[in-house]
Amino acid sequence: APKDVYKVMSALRRHFDYIVVDTPAQLSEIVLAAFDHSTRVLCMVTLDLPSIRNMRVFLTTLEKLRISSESIGVVLNKVEDDIGIDIHDVQEVLDNKIVSILPYSREAMRSINKGTPAIVSAANSEISKKLAGGMHQLLSGDVTPVLGTSSNTAEIGAGRGFWRLRKKGRTPKVPELERA
């Protein structure tokens with residue numbers, strides 16, 4: 001029950017500096033209770049139109065539920081080059097909420113199948129280094145949107161842990177994404 005979420009998280013806060021709660025994708029009273037008791041909400045999305053549309057609806061729903069917009073960030077996961085969607089367009093559609101971009105990684109998939117974190121099973125891989133750098137930034141509180149906007153002109157490729165991904169060229173805007 002939601003009241004149990006509050007009790008558990010309050011008890012954990014007395015013993016730990018950081019608590020990570022992995023929730024299901026759908027909103028429920030329990031998930032909303034966890035959000036209410038969180039200082040940071042990171043939502044995962046992949047670079048495909050259905051996922052991006054769903055994330056836009058999800059973010060709008062959170063806004064209507066008065067979940068603090070400043071506490072919400074989006075992690076773009078399993079990103080590959082040249083799949084027909086430009087990350088800058090996604091950032092615009094998701095209201096500049098992308099705080100992390102992780103590339104597709106075979107090492108990450110292997111680690112999931114082994115049940116061992118990629119940082120352990122493939123410590124020297126690119127994804128492990130990006131995850132470690134990103135965790136350092138998250139723990140230091142330096143989590144800001146990653147792509148250029150009027151207030152944030154950083155470019156992809158600047159070296160900030162997993163918050164950046166090298167980009168070879170900008171693809172044209174995708175009309176389907178603009179209607180998302």
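Which residue in β3 does Leu76 stand opposite? Keep that in mind; we'll get there on the tour.

**Before you click**

You're looking at a predicted model, where local features need pLDDT of at least 70, side-chain atom pairs count only at pLDDT 80 or more, and totals for chains, interfaces and linings use all residues. Residues are numbered from 1 along each chain as its sequence is written, and side-chain values use heavy atoms, with hydrogens and water left out.

**Stop 1: the whole chain**

Show everything as a cartoon. You should find eight helices and three strands, in the order α-α-β-α-β-α-β-α-α-α-α from the N terminus. Helices here are DSSP runs of H or I with at least four residues, strands are runs of E with at least two, and both are numbered from the N terminus. Of the 180 residues in the chain, 37% are buried (buried is under 20% relative accessible area, exposed is over 50%, partly exposed is in between, with a 1.4 Å probe and protein chains only).

**Stop 2: the sheet**

Now select the three strands. They form an open sheet in the order β1-β2-β3, with parallel pairing. Why does one side of β1 and of β3 have no neighbour in the sheet? Both β1 (41-46) and β3 (98-103) stand at the edges with a single partner strand each, so one side of each stays free. Ignoring direction, neighbouring strands are turned by 25 degrees against each other on average.

Zoom in on the pairs (two strands pair if DSSP finds at least two bridges between them). Six bridges join β1 to β2, and Thr46 stands opposite Asn77 in β2. Over on the other side of β2 (residues 72-79), four bridges link β2 with β3. Here's the answer to the opening puzzle: Leu76 faces Ile101 in β3.

Next, show the side chains of β1. In a regular strand, side chains alternate between the two faces of the sheet. In β1, Val41, Cys43 and Val45 make up the covered face, while Leu42, Met44 and Thr46 are on the uncovered one.

**Stop 3: two helices side by side**

Select residues 2-13 (helix α1) and 29-36 (helix α2): they pack at an angle of about 35 degrees, with axes 8 Å apart. The axes are lines fitted to C-alpha atoms, for helices over the stretch in contact, and angles run from 0 to 180 degrees between N-to-C directions. Pro2, Val5, Tyr6 and Met9 of α1 touch Glu29, Ile30, Ala33, Ala34 and Asp36 of α2 (contact means heavy atoms within 4.5 Å). Seven of these residues are nonpolar, none polar and two charged. By the rule used, Ala, Val, Leu, Ile, Met, Phe, Trp, Tyr, Cys and Pro are nonpolar, Asp, Glu, Lys and Arg are charged, and the others, Gly among them, are polar.

**Stop 4: Phe35**

Stay in α2 and pick Phe35. Is Phe35 buried or exposed? Phe35 is buried, at 11% relative accessibility. Leaving aside neighbours within four places in sequence, Phe35 is in contact with Thr23, Leu27, Val41, Phe58, Leu62 and Ile67.

**Stop 5: a couple of loops**

Hop to Asp82, in the loop between β2 and α4 (87-93). Asp82 isn't a glycine, yet has a positive phi of about 55 degrees. At 69% relative accessibility, Asp82 is exposed.

Finish at Ser125, in the loop between α6 (118-121) and α7 (126-140). Ser125 is buried, with a relative accessible area of 9%.
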